[in-house]
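Reader: Could you walk me through one part of this model up close? I'd like to hear about the sheet, and then how the rest of the chain sits around that part.

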Amino acid sequence: MSPTSQGPLSFVEMFELPTVVDVRTAARALGVCPSTAYRMLQRQAFPCPVLRVGGRYRIPTIELMRALGVDEHPVYSAELSRPTEFVQETFAF
């Protein structure tokens, strides 16, 4: 599922977002519809800092995650899917 498809973002999708996201993607992360997110922007009530780039809004992903209570990035999912042998070879004790 891509960040622009319907439904709330999954935990894995959150950590695969680019550095900044558009309002629709931020709305998915927050669990609100895009029109609600735009209303919050108009009322200056968005739960995190927002950048205005030209005529568009951009939300820094790190700030969005902080607003959701996620302060740390987990290990990348690609690293989690590597075989155990790789981990044992890399971190041999």
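**A close look at the sheet**

Author: Reading from the N terminus, the chain's elements go α-β-α-α-β-β-α-α-α. That makes six helices and three strands, and bear in mind that this is a predicted model.

Let's start with the sheet itself. The three strands form an open sheet, ordered S1-S3-S2, with antiparallel pairing. S1 and S2 are the edge strands, as each of them pairs on one side only. In general, the strands of a sheet pair through backbone hydrogen bonds, and the sense can be parallel or antiparallel.

Now take the two pairings in turn. S1 and S3 run antiparallel to each other and share two bridges. Here Val20 sits opposite Pro60 of S3. On the other side, S2, which covers residues 51-53, pairs with S3 over three bridges, again in the antiparallel sense. Leu51 faces Arg58 of S3 across that pairing, and Val53 stands opposite Arg56, also in S3. The hairpin that joins S2 and S3 has two residues between the strands, and one thing to look for in it is Gly54, with a positive phi near 65 degrees.

What do the edge strands show to the outside? Val20, Leu51 and Val53 together make a nonpolar surface patch of about 230 Å². Take Val53, which belongs to strand S2. Its relative accessible area is 49%, so Val53 counts as partly exposed. As for the whole surface, the chain exposes about 6,700 Å², and 56% of that comes from carbon and sulfur atoms.

From the sheet, move over to helix H2, residues 23-30. This helix is mostly covered, with six of its eight residues buried. The buried ones are Val23, Thr25, Ala26, Ala27, Arg28 and Ala29. What lies over them? The cover includes two strands of the sheet, S1 (20-21) and S3 (56-60), along with the helices H1 (11-15), H3 (34-42) and H4 (61-67). Just past the end of H2 there is another positive phi, about 80 degrees, at Gly31. For the chain as a whole, 24% of the 93 residues count as buried.

You may also wonder about the cysteines. Cys33 is partly exposed, at a relative accessible area of 37%. Cys48, by contrast, has a relative accessible area of 8%, so Cys48 counts as buried. A disulfide is a covalent bond between the sulfur atoms of two cysteines, and the structure holds zero of them.

One last number concerns how the chain folds back on itself. Looking at contacts in the chain between residues at least 6 apart in sequence, 44% join residues at least 24 apart. The sheet gives you an example of pairing along the sequence: Val20 stands opposite Pro60 in S3.

So, if you're turning the model on screen, I'd begin at S3, with S1 and S2 as the edge strands. Then go to the patch of Val20, Leu51 and Val53, and finish at H2, where S1 and S3 are among the elements that cover the buried residues.

Technical notes:
Residues are numbered from 1 along each chain as its sequence is written. This is a predicted model: local features need pLDDT of at least 70, side-chain atom pairs count only at pLDDT 80 or more; totals for chains, interfaces and linings use all residues. Side-chain values use heavy atoms; hydrogens and water are left out. Buried means under 20% relative accessible area, exposed over 50%, partly exposed in between (1.4 Å probe, protein chains only). Helices (H or I, at least four residues) and strands (E, at least two) are DSSP runs, numbered from the N terminus. Contact means heavy atoms within 4.5 Å. A disulfide is a pair of cysteine sulfur atoms within 2.5 Å. Accessible areas come from the Shrake-Rupley method with a 1.4 Å probe; for residues, only the protein chains shown count as cover. Two strands pair if DSSP finds at least two bridges between them. Patches are made of residues with over 30% relative accessible area and no salt bridge: like charges are joined within 9 Å, nonpolar side chains (Val, Leu, Ile, Met, Phe, Trp, Tyr) within 5 Å. A salt bridge is a side-chain nitrogen of Lys or Arg within 4 Å of a carboxyl oxygen of Asp or Glu.
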